[in-house]
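Dear colleague,

Please find the structure below for your files. My notes on it follow, and I would be grateful if you could read them alongside the model.

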Amino acid sequence: MKVAIVGASGAVGQEFLRVLDEQNFPIDELLLFGSSRSAGTTCKFKGKEITIKELQHNDDFKGVDIAFTSAGAGTSVAFADTITKYGAIMIDNSSAFRMDADVPLVVPEVNAADALNTPRNIIANPNCTTIQMVVALKAIENLSHIKRVHVSTYQAASGAGATAMAELENQYRQIVAGEEPTVAKFAYQLAFNLIPHVDVFLDNGYTKEEMKMYNETRKIMHSDVEVSATCVRVPVMRAHSESIWVETESPLTVEQARTAFASAPGVVLMDNPEKKEYPMPLFLAGKDPVYVGRIRKDLTNPCGLTFWCVSDQIKKGAALNAVQIAQYLIAKKK
């Protein structure tokens, strides 16, 4: 198994290395690619130093089985043909191909079989906020069709990359020292603040991030579900949180929902308010699953439920989901 990582020096690229190691992914040869700026630097994998090569339009991907790409939509579009022309399956973490009809958009716990139909040798990894939400929604959908979802997200700095995480850390350091905080990655200071603005605003008043949740959820779940999202950046280092309201066709009890979440693949039920047990990003960063708690009946709708979920944005929201797609493909070929 010959594997490549494009964007190896970034936050998600580094997480790919950790996840591949943790999952004991079968790799005979690992190739790392990056920009001209990161080319020549090294990364350690299983005790070996691997030099990052500059991504170029050449034959470097000949013989590659799976290429994990996380270098931005522009790079993915520009290099897709180069990466896939010798048969490599490109599992892309950018937004470049997610809504293309001939590119499957996959969350293995929800629609793994879609990954088997790859006419362009490309599989899209969904947006991080969508991934954790649909893993949780699938448990409810199995009980009764979900008609509507309202979601507010509380998104960590990690969603904007390694430089954003460093900026948040630096801002706290500067503020404590009585200095003016540096603001470069976000529209405003994130430390001690919330920013109700993730990605660019569109003509309908929603942001691109919010519309991703609408469109991607429908594609992944093969559903007519309506999704209305408000995405907020919060001063958390990594792990996104979401407050989710669902309306189902038939009324469901809280106990039905708890049982469904407890047995759902990729979900951990953490719902014991009496003991103050509920998911929090501080304690769940670096973990694999989607954690669900605060499950309640919606007081305004007999067919409504509301719950809270937390998942590590860099892990399940990016690298782990992509690796799980690859694991599914390998299992199906055996």
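Helices (H or I, at least four residues) and strands (E, at least two) are taken as DSSP runs and numbered from the N terminus. The model is a predicted one, in which local features need pLDDT of at least 70 and side-chain atom pairs count only at pLDDT 80 or more, while totals for chains, interfaces and linings use all residues. Residues are numbered from 1 along each chain as its sequence is written, and side-chain values use heavy atoms, with hydrogens and water left out.

I begin with two loop residues. Most residues other than glycine have a negative phi. Asn 121, in the loop between α3 (108-111) and β8 (122-124), has a positive phi of about 60 degrees although it is not a glycine. Phe 192, in the loop between α5 and α6, likewise has a positive phi, near 60 degrees.

Next come the helix packings. Two packed helices are described by the angle between their axes and the distance between the axes. Here the axes are lines fitted to C-alpha atoms, for helices over the stretch in contact, and angles run from 0 to 180 degrees between N-to-C directions. Angles under 35 degrees count as roughly parallel, over 145 as roughly antiparallel, 65 to 115 as roughly perpendicular and the rest as oblique.

Helix α4 (residues 128-141) takes part in two of these packings. Its axis and that of helix α6 (residues 208-221) come within 10 Å and cross at roughly 45 degrees, so α4 and α6 are oblique to each other. The crossing of α4 with α6 is right-handed (the near helix is turned clockwise from the far one by less than a right angle; anticlockwise would be left-handed). Among the residues in contact (heavy atoms within 4.5 Å) are Met 133 and Leu 137 of α4, and Met 213 and Ile 220 of α6. By class, this contact has 6 nonpolar, 3 polar and 5 charged residues. For these classes, Ala, Val, Leu, Ile, Met, Phe, Trp, Tyr, Cys and Pro count as nonpolar, Asp, Glu, Lys and Arg as charged, and the others, Gly among them, as polar.

With helix α9 (residues 315-333), α4 packs at an angle of about 85 degrees, the axes being 8 Å apart; the two are therefore roughly perpendicular. Cys 128, Ile 131 and Val 135 of α4 meet Lys 316, Gly 317, Ala 318 and Asn 321 of α9.

Helix α9 also packs against α1, at about 50 degrees and with the axes 9 Å apart. This pair is therefore oblique, and α1 passes α9 in a right-handed crossing. The residues in contact include Phe 16 and Leu 20 of α1, with Leu 320 and Val 323 of α9. They divide into 9 nonpolar, no polar and 3 charged.

Finally, the largest pocket is lined by 48 residues, of which Ser 70, Gly 72, Gly 159, Ala 160 and Gly 161 lie nearest its centre. On a 1 Å grid over the protein atoms alone, a pocket is an open set of points with protein on both sides within 12 Å along at least five of seven lines, and lining residues have an atom within 4 Å of a point. By class, the lining has 18 nonpolar, 22 polar and 8 charged residues.

With kind regards

How values were computed:
On a 1 Å grid over the protein atoms alone, a cavity is a set of points where a 1.4 Å probe fits but cannot get out, and a pocket is an open set with protein on both sides within 12 Å along at least five of seven lines; lining residues have an atom within 4 Å of a point.
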